[in-house]
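Here is a short note for a colleague opening this structure for the first time. Please keep the sequence and the 3D view side by side while reading.

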Amino acid sequence: MKTIIAPSVLAADFANLQRDVEMINDSQADWFHIDIMDGAFVPNISFGLPVCAAIHKHAQKPLDVHLMIENPDQYLEAFKKAGAELISVHYEACTHLHRSIQKIKELGCKAGVAINPHTPVSLLEDIITELDYVCIMSVNPGFGGQKFIEKTYDKVRDLKNIIDRNNAHTLIQIDGGVDDKNADKLVEAGASILVAGSYVFGNEDPKSAIEKIKIEIPQ
Ligand code: DX5
Ligand code: ZN
């Protein structure tokens, strides 16, 4: 099995969004990563439901919606309607995380939890069997194009141990500063979903950039 690649639309050209969506359709990428920021949970505002629905209209691959927002429960159904197939909520934004995860699943979506760089993976031990994926933030959420935090490798290894210990089938997603220089090491540590924004869209040849990080996952 190879890595699941989810290019982050945050780094696309919003004035040529359909062109960029079609580029991803024609590439080896697997999902569209859709970053939703509310200017409250994170210090930036990206785009919201209508843009997500517009992407969905042209996308031929699943939409992975990363909710960097307060009170995510309030918007889960709306994002499902806007085309989300996978939804991740932030650990730090959910008082009743278990309930939020159940709601995502009841909507028929795959459920993920995203954790900020300062949040230890051990906090997920009691909910790990419920999660389809964990998104380990390898930058502080809010902006594309930031520097990858090296501590991430340890977090991936620790989370992999928690997953194995609990016989869970949770996949590990990495988000922030991912490129062809850290992809191998991340996959070796246990990651299988790579989100990449500026590395893909900032590349002269985005399709071959995607191919470079679509790598074999060791069994
Ligand atoms: C950061 C977002 C990321 C971001 C990744 O808050 O969640 O998905 O778009 O962008 P790069 O790959 O440029 O760090
Ligand atoms: Zn993201």
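The numbered points below go through the annotated sites, the ligand shell, the strands and one helix residue.

1. Status of the model. This is a predicted model. The site annotations come from UniProt, and the entry is unreviewed.

2. A four-residue binding site. UniProt marks His33, Asp35, His66 and Asp175 as "binding site" in an unreviewed entry. These four span 143 residues in sequence, yet no two of their C-alpha atoms are more than 10.5 Å apart, so they gather at one spot.

3. The active-site pair. The UniProt feature "active site", again from the unreviewed entry, falls on Asp35 and Asp175. The pair spans 141 residues in sequence, but their C-alpha atoms are not more than 10.5 Å apart, so they gather at one spot.

4. His33. This residue sits in strand 2, residues 32-37. Is His33 buried or exposed? His33 counts as buried, because it has 28 C-beta neighbours inside 10 Å and the threshold is 20 or more. Beyond four places in sequence, His33 touches Ala6, Pro7, Ser8, Val9, Asp64, His66 and Val195.

5. Asp35. Strand 2 also holds Asp35. Asp35 has 24 C-beta neighbours inside 10 Å and therefore counts as buried. Setting aside residues within four places in sequence, its contacts are Ser8, Leu10, Ser46, His66 and Met68.

6. His66. Look for this residue in strand 3. It is buried, with 28 C-beta neighbours inside 10 Å. Which residues does His66 contact, leaving aside its neighbours within four places in sequence? They are His33, Ile34, Asp35, Ile36, Ser88, Ala114, Cys135 and Asp175. That list includes His33, Asp35 and Asp175, which share the "binding site" annotation with His66.

7. Asp175. Strand 7, residues 171-175, contains Asp175. Asp175 counts as buried, with 25 C-beta neighbours inside 10 Å. Apart from neighbours within four places in sequence, Asp175 is in contact with His66, Cys135, Met137, Ser138 and Val195.

8. A second set of binding positions. Another "binding site" annotation in the unreviewed UniProt entry covers Ser8, His66, Gly142, Phe143, Gly144, Gly145, Asp175, Gly176, Gly177, Gly197 and Ser198. His66 and Asp175 are in this set and also in the four-residue set of point 2.

9. Around ligand 1. How many residues surround ligand 1? There are 22, and the closest are Ser8, Pro141, Gly144, Gly197 and Ser198. By type, the shell divides into nine nonpolar, eleven polar and two charged residues. Strand 2, strand 8 (193-196) and helix 7 (198-201) each supply at least two of the shell residues.

10. Ser198. Helix 7 contains Ser198, one of the closest residues to ligand 1. Ser198 counts as partly exposed, with 17 C-beta neighbours inside 10 Å. Its contacts outside four places in sequence are Ala11, Gly144 and Gly145.

11. Strand 3, covered on both faces. In a regular strand, side chains alternate between the two faces of the sheet. How many of the six residues of strand 3 (63-68) are buried? Six of the six are. Leu63, Val65 and Leu67 are buried on one side, and Asp64, His66 and Met68 are buried on the other.

12. Strand 3 and its partners. Strand 2 pairs with strand 3 in the parallel sense, over six bridges. The chain goes from strand 2 through helix 2 (residues 49-58) to strand 3 in a right-handed β-α-β crossover. Within this pairing, His66 in strand 3 is the bridge partner of Asp35. Strand 4 (residues 84-90) also runs parallel to strand 3, joined by five bridges. Here Val89 in strand 4 is the bridge partner of Leu67. Strand 3, helix 3 (residues 76-81) and strand 4 form a right-handed β-α-β unit.

13. Asp20. This residue lies in helix 1, residues 17-25. Asp20 is buried, with 22 other C-beta atoms within 10 Å. It touches Ala12, Asp13 and Phe201, not counting residues up to four places away in sequence. Asp20 and Met137 are 117 residues apart in sequence and 24 Å apart in space, C-alpha to C-alpha. Met137 is itself a contact of Asp175.

Definitions and conventions: Residues are numbered from 1 along each chain as its sequence is written. Chains are lettered from A and ligands numbered from 1 in the order in which they are written. This is a predicted model: local features need pLDDT of at least 70, side-chain atom pairs count only at pLDDT 80 or more; totals for chains, interfaces and linings use all residues. UniProt positions are given in the numbering used here, feature names are shortened, and annotations may be inferred rather than shown by experiment. Helices (H or I, at least four residues) and strands (E, at least two) are DSSP runs, numbered from the N terminus. A residue is buried if 20 or more other C-beta atoms lie within 10 Å of its own, exposed if 12 or fewer, and partly exposed in between; C-beta atoms are placed from the backbone. Two residues are in contact if their C-beta atoms, placed from the backbone, lie within 7 Å. A residue is near a molecule or strand if its C-beta atom, placed from the backbone, lies within 6 Å of it. Ala, Val, Leu, Ile, Met, Phe, Trp, Tyr, Cys and Pro count as nonpolar, Asp, Glu, Lys and Arg as charged, and the others, Gly among them, as polar. Two strands pair if DSSP finds at least two bridges between them. A crossover is right-handed if, with the strands pointing away from the viewer, the path from the first strand over the helix to the second runs clockwise.
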